[in-house]
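Me: Please take a close look at one part of the structure shown here, and explain how that part relates to the rest of the chain. I am new to this structure, so a connected account would be welcome.

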Amino acid sequence: MSGFGNHLKSTFAENFRVDTGYFKKMLDRFKAEGRRCFATSSFQTQSVPLLHLLARYASDIPIYFLDTGYLFPETHAFKNTLIDSLGIRVIGLRSEWTKAQQLDEEGQLLYISDPDYCCDLNKVKPLEAILIQHDIWINGIRSDQGEQR
């Protein structure tokens, strides 16, 4: 494990005193019931606690990463650092539609002219097959991200 990985684990343990018992109990229950679980992550800094818990208690659960094609290089670098540090298994997902196919009638990219449709093509559609194959979706939605999420 890299030096950053050791630092990450000790920093997490020191600064985030969380009762992980409920998380582990639910994972054990899902496994005992034969339920198929998966997780998604945006690999932002606020993703680290959930990824740490998955690495510690459920390393067999696949973690999907939606690569919209609009992410910063730093996001990919941070994702790769976390993969190496935590030893997690990450599966990348991309839209079937190329950016050239994601233009409106005026030639603008959909993320400018129709962001909802852009999100449908780049986030919703790639996850549809994954949702059908699994019973439980684990993700890290913060309470301030709204009731609709």
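Reply: A convenient place to begin is Cys-119, which is partly exposed because its relative accessible area is 32%, a value between the limits of 20% and 50%. The model is a predicted one. Cys-118 is buried, with a relative accessible area of 6%. A search for disulfides across the whole structure returns zero. Cys-118 takes part in none, and the nearest cysteine sulfur, which belongs to Cys-119, lies 5.7 Å away. Seen from Cys-119, the closest cysteine sulfur is that of Cys-118, and the separation of 5.7 Å is too far for a bond, since a disulfide requires the two sulfur atoms to be within 2.5 Å.

The part to examine is helix H6, which covers residues 115–133. With 19 residues at 1.5 Å a residue, helix H6 should span 27 Å, and the distance of 27 Å between its end C-alpha atoms therefore agrees with expectation. Helix H6 also has a kink of about 35° at Val-124, shortly before the proline Pro-126.

Which residues of H6 are buried? They are Cys-118, Leu-121, Asn-122, Pro-126, Leu-127 and Ile-130. The buried residues of H6 pack against strands S1, S2, S3 (90–93) and S4, and also against helix H5 (110–113).

Just beyond this helix, His-134 sits in the loop between H6 and S4. His-134 counts as buried because its relative accessible area is 15%, which is under the 20% limit. Apart from neighbours within four places in sequence, His-134 is in contact with Arg-36, Cys-37, Phe-38, Pro-62 and Tyr-64.

Tyr-64 offers a route from H6 into the rest of the chain. Tyr-64 belongs to strand S2 and is buried, with a relative accessible area of 8%. When neighbours within four places in sequence are set aside, the contacts of Tyr-64 include Ile-130 and His-134, together with Phe-38, Ala-39, Thr-40, Ser-41, Ile-91 and Leu-93. Ile-130 is one of the buried residues of H6. Tyr-64 and Ile-91 are 27 residues apart in sequence, yet their C-alpha atoms are 4.8 Å apart in space.

The interior of the chain comes next. In soluble globular proteins, nonpolar side chains tend to be buried together. The largest nonpolar core here has 21 residues, and the members that touch the most others are Phe-43, Leu-51, Leu-54, Ile-61, Ile-63 and Ile-138. At least two residues of this core come from each of helix H2 (21–32), strand S1 (37–40), helix H3 (48–57), strand S2 (63–66), helix H4 (73–86) and strand S4 (136–138). Helix H3 contributes the most, with five residues. A second core, separate from this one, has six residues, among them Tyr-64, Leu-66, Leu-93 and Ile-130. Tyr-64 and Ile-130, already met as contact partners, are thus both named in the second core.

Two members of the largest core can be followed further. Ile-63 touches Ala-39, Ser-41, Phe-43, Leu-51, Leu-54, Ile-88, Arg-89, Val-90 and Ile-91, residues up to four places away in sequence not being counted. Phe-43 lies in the loop between S1 and H3. Phe-43 is buried, with a relative accessible area of 1%. Its phi is positive, about 60°, although Phe-43 is not a glycine.

Helix H2 contains Lys-24, which is partly exposed, with a relative accessible area of 34%. The C-alpha atoms of Lys-24 and Leu-54 are 9.3 Å apart, although 30 residues separate the two along the chain.

Finally, the whole chain provides the setting for helix H6. The chain holds six helices and four strands, and its elements run α-α-β-α-β-α-β-α-α-β from the N terminus on. Of its 149 residues, 33% are buried. Among contacts with a separation of 6 or more, 74% join residues 24 or more positions apart. The accessible surface of the chain is about 9,600 Å², and carbon and sulfur atoms account for 52% of that surface. Within this setting, H6 has a kink at Val-124, and its buried residues pack against S1, S2, S3, S4 and H5.

How values were computed:
Residues are numbered from 1 along each chain as its sequence is written. This is a predicted model: local features need pLDDT of at least 70, side-chain atom pairs count only at pLDDT 80 or more; totals for chains, interfaces and linings use all residues. Side-chain values use heavy atoms; hydrogens and water are left out. A nonpolar core is a set of buried Ala, Val, Leu, Ile, Met, Phe, Trp, Tyr and Cys residues joined through side-chain atoms within 4.5 Å. Buried means under 20% relative accessible area, exposed over 50%, partly exposed in between (1.4 Å probe, protein chains only). Contact means heavy atoms within 4.5 Å. Accessible areas come from the Shrake-Rupley method with a 1.4 Å probe; for residues, only the protein chains shown count as cover. The expected span of a helix is 1.5 Å times one less than its number of residues. The bend at a residue is the angle between axes fitted to the seven residues ending there and the seven starting there.
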